[in-house]
Amino acid sequence: MDPFVKFTSQSQGRDRIFRAAQYACSLAVYLLRNNSDRKDLVAKLKSLETSLSAGRKLLRLGNAANSIEAAKRTVQLSDRVLRLCLTVANVSRTLYFICDNVLWAKSVGLIRNIDKERWSLNCFRFYFFSLVMHLSRDVYAVLQVMTKRSRDKNFKQRMDQHLTENPEVAEVVVPHLDGFLFLLLETLKSHPDLALDSVKNICDLFIPLDKLGLYQSNGGVIGFCGLISSLIGIVTLTQPRLRIAP
């Protein structure tokens, strides 16, 4: 019980729970959309989804300051690629939160004379760019680990054994592709924090892609991807060893 109390006492923990519930509602609405007997339930789920979204905007107030502090830390990283990816990601995230806060102020009537559609698009543009930079960091980290493992003699023996035991696969596919996939899977298996962060960012990417009209998805895809990324966020928040660093 204590870990749950500690988790829910954090604003980030509450946001993750609300986010998971929000996208679960979105997925349920999509799955029940053609069920005429569940119209009342669908209406309630839509109302709950809207309320959760509004509540999360309130919880995100002040997150821009946290992102600025994160950018100050990442700009001091010694690795130039990580420094670039994470600092740009944090700056983009800061701008995303600022736009999100303005939209919240508009929704409660604190601000009136703004173009809501324009601010919403800018909000998702910054969110999209932040995710792209985080994914770039994931790809860079994966390639670093793969390069290191490929030079390990014991691992090379395991990979040669895998190719020897599956000669029909190695011959059919593009040369070296099977070895590359074996190396990639072994890398992700040995670094679950990296694997979870990559899956989370890929799932999150579908949301701004849809909102910006770059890749249209349906409510089911958005709900499913949002739910998966939210659950991964909850897991990494409760299990620090599964959280990627820096």
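How many salt bridges does the structure hold? The structure holds nine salt bridges, a salt bridge being a side-chain nitrogen of Lys or Arg within 4 Å of a carboxyl oxygen of Asp or Glu.

## About the model

This is a predicted model, in which local features need pLDDT of at least 70 and side-chain atom pairs count only at pLDDT 80 or more, while totals for chains, interfaces and linings use all residues. Residues are numbered from 1 along each chain as its sequence is written, and side-chain values use heavy atoms, with hydrogens and water left out.

## A look at helix 3

Let's start with helix 3, residues 39-59. Helices are DSSP runs of H or I with at least four residues, numbered from the N terminus. With 21 residues at 1.5 Å a residue, helix 3 should span 30 Å, and its end C-alpha atoms are indeed 30 Å apart. The expected span here is 1.5 Å times one less than the number of residues.

Five names to find in helix 3 are V42, L45, L52, R56 and K57, which are buried. Buried means under 20% relative accessible area and exposed means over 50%, with partly exposed in between (1.4 Å probe, protein chains only). These buried residues cover an arc of only 140° around the axis, which puts them on the same side of helix 3; the arc is that of the directions from the helix axis to the C-beta atoms. Helix 2 (11-31) and helix 5 (80-107) are included in what covers them, where contact means heavy atoms within 4.5 Å. On the face turned away from the buried side, helix 3 carries the exposed residues K39, D40, K44 and T50.

## Salt bridges within helices

In helix 9 (residues 177-190), E186 and K189 lie three residues apart, about one turn of the helix. They form a salt bridge whose closest N and O atoms are 3.5 Å apart. E186 counts as buried at 12% relative accessibility, whereas K189 is exposed at 63%.

Helix 10 (residues 192-211) offers another pair: K200 and D204 are four residues apart, or about one helical turn. An α-helix has 3.6 residues a turn, so residues three or four places apart point the same way. The side chains of K200 and D204 meet at 3.3 Å, N to O, and D204 is buried, with a relative accessible area of 2%. R19 joins K200 and D204 in a network of salt bridges.

## A buried pair

Finally, have a look at R137 and D138, whose salt bridge has its closest N and O atoms 3.2 Å apart. R137 is buried at 4% relative accessible area, and D138 is buried at 1%.

Note on methods
Helices (H or I, at least four residues) and strands (E, at least two) are DSSP runs, numbered from the N terminus.
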